[in-house]
Amino acid sequence: MTETGGRVARNRRIWSGSPPRLLGTMLLALAATALLLHAGDTAGDHVPSYVEWTPDTIANASSGDEFRGLLLSRHCAHCHGEEGFSAKGDTPNLAGMARLAIWKQLLDFRAGKRISFPMNPIAQSLSNKDVADLVAYYSKLPVFYDPDDKRAFPQPAPDPVQKGMAWRLINFGDGERGIPPCQACHGPLAFRPGAPALLTQNGPYLLQQLEDFATGKRANDINEPMRTIAQLLTDAERRALADYYGAGLGLNPGTGPEPRQ
Amino acid sequence: MNWRAVNWRKLRTFLITAFVLLLIPATRFYQIDEPILRLFHNPRRVDPFSLHVEGEFVENNLGTEQNSDGSVTVRMIGQQYLFIPHCILVPAGVPIHLRITSPDAVHSLAFLGTNYSVKVTPGIISLAEMQFSQPGEYKTACREFCGAGHYDMRSVMKVVPREQFPALHDGDRGTCGAQ
Ligand SMILES: [Cu+2]
């Protein structure tokens with residue numbers, strides 16, 4: 001009896017006796033609403049990738065165990081090659097790729113941000129730790145620096161005209177059209193976080209990626225640098241660039257048609 | 001009315017729920033949602049790492065937006081070594097509110113042949129008020145050395161007569177790229 005009476009009295013106090021508490025509740029509701037509105041603002045946006053290049057991401061991508069990566073890499077070897085050089089031109093080499101690039105591509109495959117029939121289910125079966133370990137293993141594989149090594153570069157060198165076209169774009173870009181030099185982001189001059197090395201990559205694979213960027217079929221580049229560049233390039237230029245890198249010419253600065261500067 | 005029989009706890013829960021449910025459409029209706037959001041974060045500060053994931057500079061919000069007062073808002077990203085979108089379309093003779101930020105380094109967006117130049121800083125939204133009286137193609141260039149590809153960091157602003165500017169509906173953004 002007294003207990004019930006007490007509860008009623010306490011409840012009534014919320015309304016009559018202590019307006020600050022009600023005010024507090026309402027302010028809380030206001031904050032919740034603002035949060036809801038904020039979340040609602042970004043609902044239908046196209047997000048190219050969930051990877052953000054914060055120091056934490058870079059630490060995570062660098063935390064793998066090389067040996068465990070070696071064991072896991074047995075599932076990848078029949079496509080990407082025993083030593084990271086794949087036998088087929090349309091399957092990418094993983095040897096020579098920077099660790100942030102491998103990390104980002106595997107996470108994008110896993111999140112469905114980059115579409116590939118074999119890679120999406122494979123990446124979905126990997127845990128965060130698996131990805132970090134594979135990254136540690138593949139990013140430390142030796143690179144064959146000899147362009148005459150036919151395991152790495154089965155493709156013949158392109159003709160001199162094409163070679164010159166590619167060489168200029170890689171080293172100087174094209175200021176008139178606003179195309180930056182490839183090497184400013186892809187190395188060896190400088191690397192942008194997450195930009196894969198092209199120097200050791202297969203030609204047919206590169207061509208396919210450039211065409212997919214141009215048409216928007218591949219759209220996982222953060223802030224759209226590659227979709228923009230691939231669209232500005234002509235068909236002939238895309239082919240020349242793929243052939244130049246595919247033949248291993250990017251590795252050797254002496255192979256440009258112009259004297260070294 | 002027997003006030004003793006009222007369940008105050010239930011009534012309170014009901015009233016607060018109703019209040020919250022009404023609040024969401026009400027803030028939109030009275031257009032006070034923006035000011036409320038501004039209480040919670042500084043509108044000119046952005047996280048340079050997550051421009052592509054959330055907020056004002058996500059991909060489909062870049063380019064030219066039509067405002068109800070006839071002016072336009074242009075949103076861009078200046079990054080090593082490109083301005084995105086690479087070609088911007090705006091109408092002549094209307095005020096242009098430019099909003100631009102950077103994910104990586106300091107850049108400077110200069111419209112060649114004009115007095116307009118904007119410093120672009122990571123983490124901050126740079127603002128500029130511009131207006132072009134003459135239609136034409138204005139080239140832009142980066143005027144703050146930002147690295148290996150700096151000298152190729154150029155883009156285009158296309159100014160078209162007002163009647164040629166396409167009608168942009170809610171959510172549409174104008175650029176002159178291949179579309
Ligand atoms: Cu710049």
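1. The side chains of Arg227(A) and Glu59(B) form a salt bridge, with a nitrogen-to-oxygen distance of 2.7 Å. This comes from a predicted model. The bridge is one of 3 salt bridges counted between chain A and chain B. The two chains also have 11 residue pairs in polar contact, with both residues at pLDDT 80 or more.

2. Next, the side of chain A that touches chain B. Four elements of chain A each give two or more residues to it: α1 (2-15), α2 (19-41), α10 (183-186) and α12 (225-232). The largest share, 11 residues, comes from α2(A). By type, the residues on this side divide into 25 nonpolar, 15 polar and 12 charged.

3. Now the extent of the interface. Interface size is often given as the accessible area lost when the parts come together. Here the area buried between chain A and chain B is about 4,100 Å². Carbon and sulfur atoms give 63% of that area. In terms of residues, 52 of chain A are in contact with 44 of chain B.

4. A second bridge across the interface pairs the side chains of Glu176(A) and Arg154(B), at 3.9 Å from N to O. Glu176(A) sits in the loop between α9 (160-171) and α10 of chain A, and Arg154(B) in strand β10 (residues 154-160) of chain B, so this pair joins two chains. Glu176(A) is exposed, at 57% relative accessibility. Arg154(B) is partly exposed, at 31%.

5. Chain A on its own has 13 helices and 0 strands. Its pattern along the sequence is therefore helix after helix, given that helices and strands are read from DSSP runs. Of its 261 residues, 48% count as buried. Among contacts in chain A with a separation of 6 or more, 69% are between residues 24 or more positions apart. Chain A exposes about 13,500 Å², and carbon and sulfur atoms supply 60% of this.

6. Which residue does Lys129(A) meet in a salt bridge? Its partner is Asp133(A), at 3.1 Å from N to O. The two are 4 residues apart in helix α8 (residues 128-138) of chain A, so about one helical turn separates them. Their surroundings can be compared by accessibility. Lys129(A) is partly exposed, at 46%, whereas Asp133(A) is buried, at 1%.

7. Another bridge in chain A links the side chains of Asp212(A) and Lys217(A), at 4.0 Å from N to O. Asp212(A) is buried, with a relative accessibility of 11%. Lys217(A) is exposed, at 63%. In chain B, salt bridges with shared partners join Glu56(B), Glu65(B), Arg75(B), Arg99(B) and Arg173(B) into one network. Over all chains, the structure holds 18 salt bridges.

8. Backbone points to check by eye. Most residues other than glycine have a negative phi, and most peptide bonds are trans. Asn223(A) has a positive phi, near 65°, and is not a glycine. Glu224(A) also has a positive phi, about 60°, without being a glycine. Asn223(A) is in the loop between α11 (203-215) and α12 of chain A. Glu224(A) lies in the loop between α11 and α12 as well. Are these residues buried or exposed? Asn223(A) is buried, at 6% relative accessibility. Glu224(A) is buried too, at 17%, because the cut-off for buried is under 20%.

9. Chain B has cis peptide bonds to look at. One runs from Gln80(B) to Tyr81(B), with omega near 0°. Tyr81(B) is placed in the loop between β2 (72-79) and β3 (82-84) of chain B. Another cis bond joins Ile84(B) and Pro85(B), with omega about -10°. Pro85(B) lies in the loop between β3 and β4 (87-91) of chain B.

10. Last, a buried position in chain B. Ile96(B) is in strand β5 (residues 96-101). Its relative accessibility is 0%, so Ile96(B) counts as buried. What does Ile96(B) contact, leaving aside neighbours within four places in sequence? The contacts are Val72(B), Val74(B), Val90(B), Ala128(B), Glu129(B), Met130(B) and Phe132(B). Val120(B) is 24 residues from Ile96(B) in sequence, and their C-alpha atoms are 17 Å apart in space.

Technical notes:
Residues numbered from 1 in each chain as written. Chains lettered and ligands numbered in written order. Predicted model: local features only at pLDDT ≥ 70, side-chain atom pairs only at ≥ 80, totals over all residues. Heavy atoms only, no water. Contact = heavy atoms within 4.5 Å. Buried area = accessible area lost by both parts, 1.4 Å probe. Polar contact = N/O pair within 3.5 Å; in protein donor to acceptor, adjacent residues only side chain to side chain. Nonpolar A, V, L, I, M, F, W, Y, C, P; charged D, E, K, R; others polar. Buried < 20%, exposed > 50% of the residue type's maximum accessible area, 1.4 Å probe, protein only. Areas by Shrake-Rupley, 256 points an atom, 1.4 Å probe, with all protein chains shown as cover.
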